[in-house]
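Please examine the sequence and the three-dimensional structure shown below. The explanation that follows leads through two parts of the fold in turn.

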Amino acid sequence: MQLITSLASKLQADFPAYTFTASDTFYWSSDQAQIAFDSNSEDTAALLHELSHAVLAHAEYQKDITLIEMERDAWHYATSQLAPRYNVTITDSMVQDALDTYRDWLHARSTCPQCKATGVQTKADQYKCIACSTKWRVNEARVCALRRYRI
Ligand SMILES: [Zn+2]
Ligand SMILES: [Zn+2]
């Protein structure tokens, strides 16, 4: 059995409140209490990360900055609580790489298309520039974790 599949069946036994489902990607669905994992990968750290979102009861978010906090919290929980218990290695650089993806994404979304200043998020799907007052809409987030949270 693949490493990730055997970890998932252990987790399923230890966390019966959630459904672990083999998929082609990783995500946590709070609506369905479901944790999907890429059964063709060996990324056991990502699986523990998704479980951390579940245990921390992460659900909808309104502001992008909240999402970054959720990501940081989920990695912290995965690293400090789950990794030692399931004998999975999660290095600091793995965590920083994952968080960088979100920081880049946030930077791209919050940059004013008109003057390149940094905007403030006024709604889940809208930013406003504090320098030139331009408003712009942003799509629902697409990177990694984002699809699991409905705005
Ligand atoms: Zn601007
Ligand atoms: Zn995440």
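The paragraphs below treat a pair of helices and then a sheet. The structure is a predicted model.

Consider the helices. Helix α1 comprises residues 3–14 and helix α2 comprises residues 44–55. Their axes come within 10 Å and cross at roughly 25°. Because angles under 35 degrees count as roughly parallel, α1 is described as roughly parallel to α2. The crossing of α1 and α2 is, in addition, right-handed.

Which residues of α1 and α2 make the contact? From α1 come Leu3, Ile4, Leu7, Ala8 and Leu11, and from α2 come Thr44, Leu47 and Leu51. Sorted by chemical character, the residues of this contact between α1 and α2 comprise seven nonpolar, one polar and no charged.

The sheet may be considered next. As a general principle, the strands of a sheet pair through backbone hydrogen bonds, in either a parallel or an antiparallel manner. Here, three strands form an open sheet in the order β4-β5-β6, and the pairing is antiparallel. The strands at the edges are β4, residues 119–123, and β6, residues 135–137, each of which pairs on one side only. From one strand to the next, the twist averages 30°.

The pairing can be followed strand by strand. Between β4 and β5 there are four bridges, in the antiparallel sense. Gln121 has Tyr127 in β5 as its bridge partner, and Lys123 stands opposite Gln126 in β5. A hairpin through two residues joins β4 to β5.

On to the pairing of β5 with β6. Strand β5 covers residues 126–129 and is joined to β6 by three bridges, the two strands running antiparallel. Within this pairing, Gln126 stands opposite Arg137 in β6, while Lys128 stands opposite Lys135 in β6. Gln126 thus has a place in both pairings, opposite Lys123 and opposite Arg137. The strands β5 and β6 also form a hairpin, with five residues between them. In the turn of that hairpin, Ser133 has a positive phi of about 70°.

Finally, which residues of β5 belong to its covered face, and which to its uncovered one? Tyr127 and Cys129 make up the covered face, whereas Gln126 and Lys128 make up the uncovered face. Tyr127, on the covered face, is the residue that partners Gln121. Lys128, on the uncovered face, is the residue opposite Lys135 of β6.

Technical notes
Residues numbered from 1 in each chain as written. Chains lettered and ligands numbered in written order. Predicted model: local features only at pLDDT ≥ 70, side-chain atom pairs only at ≥ 80, totals over all residues. Pairing = 2+ DSSP bridges. Axes fitted to C-alpha atoms, helices over the stretch in contact; angles between N-to-C directions. Parallel < 35°, antiparallel > 145°, perpendicular 65-115°, else oblique. Left-handed = near helix turned anticlockwise from the far one by under 90°. Contact = placed C-beta atoms within 7 Å. Nonpolar A, V, L, I, M, F, W, Y, C, P; charged D, E, K, R; others polar. Buried ≥ 20, exposed ≤ 12 C-beta atoms within 10 Å, placed from the backbone.
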